[in-house]
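Me: I would like to go through this model slowly, with the terms explained as they come up. Please show it to me before we start.

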Amino acid sequence: GIEIVRAVVSTDSVRFINKLHDQYFIGALSDLRSRTNTEVSFEQLQALLLGRPLDFDPNAKYKSSVEGYRYVLTSKSKKKYLKVAEDKEAIIDTSQGYLPQLNERRLERLLERDEEKLIVRKYYISPESFLITEIEIVDLANEQFLEIRYSEHQEVEGILIPYKIECSAASGPNTISVVMELSKVKVDQPQSMPFRIPEKYERIF
């Protein structure tokens with residue numbers, strides 16, 4: 001295959017090359033968060049790539065159910081918010097304006113007390129392997145939506161790793177979809193990755 005993107009992420013820094021558009025970024029992980037207006041940590045990126053329960057709070061209350069052939073854990077929220085969160089078309093197409101379905105005063109009070117009340121998380125779990133096959137996170141207050149699907153798991157050093165990861169995200173009117181198909185995975189081994197940036201490449205952010 002042809003390499004399009006190369007990235008090295010550590011606990012506090014990010015190095016990124018986009019060979020398709022001749023762009024690069026080198027900086028602190030905190031800089032990337034502030035410039036993209038996203039709260040992403042190293043632990044969250046690691047969970048996303050390994051197919052772990054992203055943004056999961058073991059101390060929170062969840063509702064369990066069955067949808068189709070999978071188990072589902074849903075963060076406990078008001079039924080009205082859950083209904084809005086499940087309307088993906090309204091989330092992605094903000095011209096439909098899903099937030100007005102929430103009483104504006106009620107929304108303001110919730111944001112003042114606890115913005116977490118307006119974040120709905122769903123984890124889909126395979127009944128055979130008990131692996132996570134899909135994650136949905138909807139942030140009603142900030143008009144953001146994230147869907148991640150995992151498949152083609154393979155065992156690496158005793159750990160089942162998803163070799164195919166499909167991500168779809170929306171923030172307001174902006175949407176992006178990414179499909180990652182892994183060819184080789186190494187766990188808990190030091191890696192050496194050359195990172196030379198051609199002079200013609202433009203720094204982003």
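Reply: One definition comes before anything else: a residue is called buried under 20% relative accessible area, exposed over 50% and partly exposed in between, using a 1.4 Å probe and protein chains only. The model is a predicted one, in which local features need pLDDT of at least 70 and side-chain atom pairs count only at pLDDT 80 or more, while totals for chains, interfaces and linings use all residues. Residues are numbered from 1 along each chain as its sequence is written, and side-chain values use heavy atoms, with hydrogens and water left out.

Me: Okay, is Ile2 buried or exposed?

Reply: Ile2 counts as exposed, because its relative accessibility is 79%. Ile2 sits in the segment before strand 1, where strands (E, at least two residues) and helices (H or I, at least four) are DSSP runs numbered from the N terminus.

Me: And which residues form a nonpolar patch on the surface with Ile2?

Reply: Ile4, Val5 and Leu20 join Ile2 in that patch, and together the four have about 430 Å² of accessible area. Such areas come from the Shrake-Rupley method with a 1.4 Å probe, and for residues only the protein chains shown count as cover. Patches take residues with over 30% relative accessible area and no salt bridge, joining nonpolar side chains (Val, Leu, Ile, Met, Phe, Trp, Tyr) within 5 Å and like charges within 9 Å.

Me: Let's change topic, then: how many residues of strand 6 are buried?

Reply: In strand 6, 7 of the 7 residues are buried, so this strand is largely enclosed by the rest of the structure. Ile119, Arg121, Tyr123 and Ile125 point one way from strand 6, whereas Val120, Lys122 and Tyr124 point the other way. That fits a general rule, which is that side chains in a regular strand alternate between the two faces of the sheet.

Me: A lysine in there surprises me, so what does the side chain of Lys122 contact?

Reply: The side chain of Lys122 makes a polar contact of 3.3 Å with the side chain of Tyr124. A polar contact is a pair of N or O atoms within 3.5 Å, where within protein one must be able to donate a hydrogen and the other to accept it, and where residues adjacent in sequence count only if both atoms are side-chain atoms. Lys122 itself is at 7% relative accessibility and therefore counts as buried.

Me: Which strands pair with strand 6?

Reply: Strand 5 (residues 70-75) pairs with strand 6 in the antiparallel sense over 4 bridges, and strand 7 (residues 132-139) also runs antiparallel to strand 6, joined by 7 bridges. Two strands pair if DSSP finds at least two bridges between them. As examples, Ile125 of strand 6 is the bridge partner of Tyr71, while Ile119 stands opposite Asp139 in strand 7. The hairpin of strand 6 and strand 7 has 6 residues between the strands, and there Phe130 takes a positive phi near 60°.

Me: What does the side chain of Ser75 reach?

Reply: Ser75, which lies in strand 5, reaches the backbone nitrogen of Arg121 with its side chain at 2.9 Å. Ser75 is buried, because its relative accessibility is 8%.

Me: Arg121 again! Which residue forms a salt bridge with Arg121?

Reply: Asp55 does, with the closest N and O atoms 3.3 Å apart. Arg121 lies in strand 6 and Asp55 in the loop between helix 2 (42-50) and strand 4 (62-67), so the pair ties together parts that are 66 residues apart in sequence. A salt bridge here means a side-chain nitrogen of Lys or Arg within 4 Å of a carboxyl oxygen of Asp or Glu. Arg121 is buried at 8% relative accessibility, whereas Asp55 is partly exposed at 32%.

Me: How many salt bridges does a search of the whole structure find?

Reply: The search finds 6 salt bridges. One of them joins the side chains of Asp22 and Lys200 (4.0 Å, N to O). Asp22 is in the loop between strand 2 (13-18) and strand 3, and Lys200 is in the loop between strand 10 (174-181) and strand 11, so this pair links distant parts of the chain, 178 residues apart. Asp22 is partly exposed at 27% relative accessibility, and Lys200 is exposed at 64%.

Me: Last one: where do Glu134 and Arg149 lie?

Reply: Glu134 lies in strand 7 and Arg149 in strand 8 (residues 144-156). Their side chains meet in a salt bridge (3.9 Å, N to O). Salt bridges that share partners join Arg70, Glu134, Glu147 and Arg149 into one network.
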